[in-house]
Amino acid sequence: MDHKPSPAGSQATTCARCGVTREGLPLTWTCSVENGRRVYFCDGCARKHLRSIEGRLDSAWW
């Protein structure tokens with residue numbers, strides 16, 4: 001999902017697949033543009049669905 005502001009003023013990033021949230025933008029996460037918006041996937045979800053990501057399938061197809 002897109003960045004959401006947190007109360008402390010820093011931004012948190014949420015995995016669009018599993019919902020895990022991390023402060024800031026983790027360098028190892030994968031970013032994709034789907035339906036005109038940016039979505040982020042954590043390491044675990046990106047590894048699990050690597051072939052689909054490389055094939056440029058929307059996450060709805062995984």
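1. Leu50. In this predicted model, Leu50 sits in helix H2. Is Leu50 buried or exposed, or something between the two? Its relative accessible area is 44%, so Leu50 is classed as partly exposed. Along the chain, Leu50 and Thr30 are separated by 20 residues, while their C-alpha atoms lie 10.0 Å apart in space.

2. Overall layout. The protein contains 2 helices and 5 strands. Read from the N terminus, the order of these elements is β-β-β-β-β-α-α. The chain has 62 residues, and 29% of them count as buried. Among contacts with a separation of 6 or more, 27% are made by residues 24 or more positions apart.

3. The S2 and S3 pair. Strand S2 covers residues 11-14 and strand S3 covers residues 21-23; the two are antiparallel and are joined over 3 bridges. One of the residues in this pairing is Thr13, whose bridge partner in S3 is Arg22. The hairpin of S2 and S3 has 6 residues between the strands. In that hairpin, Gly19 adopts a positive phi near 90°.

4. The S4 and S5 pair. Strand S4 runs antiparallel to strand S5, which spans residues 37-41, and 5 bridges join them. Which residue of S5 stands opposite Thr30? The residue is Phe41. Val33 also has a bridge partner in S5, namely Arg38. As a general point on strands, side chains in a regular strand alternate between the two faces of the sheet.

5. Asn35 in the turn. The hairpin of S4 and S5 has 2 residues between the strands. Asn35 lies in the loop between S4 and S5. Its phi is positive, about 55°, although Asn35 is not a glycine. For background, most residues other than glycine have a negative phi. With a relative accessibility of 76%, above the 50% cut-off, Asn35 is therefore classed as exposed.

6. Trp29. This residue belongs to the loop between S3 and S4. Why does Trp29 count as buried? The reason is its relative accessibility of 11%, as buried means under 20%. Once neighbours within four places in sequence are set aside, Trp29 is in contact with Thr13, Thr14, Cys15, Val20, Arg22, Tyr40, Phe41, Cys42 and Asp43. Two of these, Thr13 and Arg22, are bridge partners in the pairing of S2 with S3. Phe41, also in contact with Trp29, stands opposite Thr30. Trp29 and Phe41 are 12 residues apart in sequence, and their C-alpha atoms are 5.7 Å apart in space.

7. Cysteines. How many disulfides are counted in this model? The count is 0. A disulfide is a covalent bond between the sulfur atoms of two cysteines, and the cut-off used for such a pair is 2.5 Å. For Cys18, the closest cysteine sulfur is that of Cys15, at 3.7 Å, which is too far for a bond. Cys45 is likewise in no disulfide, and its nearest cysteine sulfur, in Cys42, is 3.7 Å away. The exposure classes of Cys18 and Cys45 can be set side by side. Cys18 is partly exposed because its relative accessibility is 45%, whereas Cys45 is buried because its relative accessible area is 10%. Cys15 and Cys42 also appear among the contacts of Trp29.

8. The largest pocket. Its volume is about 160 Å³. The lining has 11 residues, and those closest to the centre of the pocket are Ser32, Glu34, Ile53, Arg56 and Leu57. Which element gives the largest share of the lining? Strand S4 does, with 4 residues. Both S4 (30-34) and helix H2 (50-54) supply at least two lining residues each. By class, the lining consists of 6 nonpolar, 1 polar and 4 charged residues.

9. Points to keep in view. Strand S4 takes part in two of the features described above: S4 pairs with S5, and S4 supplies the largest share of the pocket lining. Helix H2, where Leu50 is placed, also contributes to that lining. A reader following the cysteines should keep in mind that the model is predicted and that the disulfide count is 0.

Terms used
Residues numbered from 1 in each chain as written. Predicted model: local features only at pLDDT ≥ 70, side-chain atom pairs only at ≥ 80, totals over all residues. Heavy atoms only, no water. 1 Å grid on protein atoms, 1.4 Å probe; cavity = no way out; pocket = protein on both sides within 12 Å on 5 of 7 lines; lining within 4 Å. Points joined across faces, edges and corners; volume = space filled by probe spheres on them. Nonpolar A, V, L, I, M, F, W, Y, C, P; charged D, E, K, R; others polar. Buried < 20%, exposed > 50% of the residue type's maximum accessible area, 1.4 Å probe, protein only. Pairing = 2+ DSSP bridges. Contact = heavy atoms within 4.5 Å.
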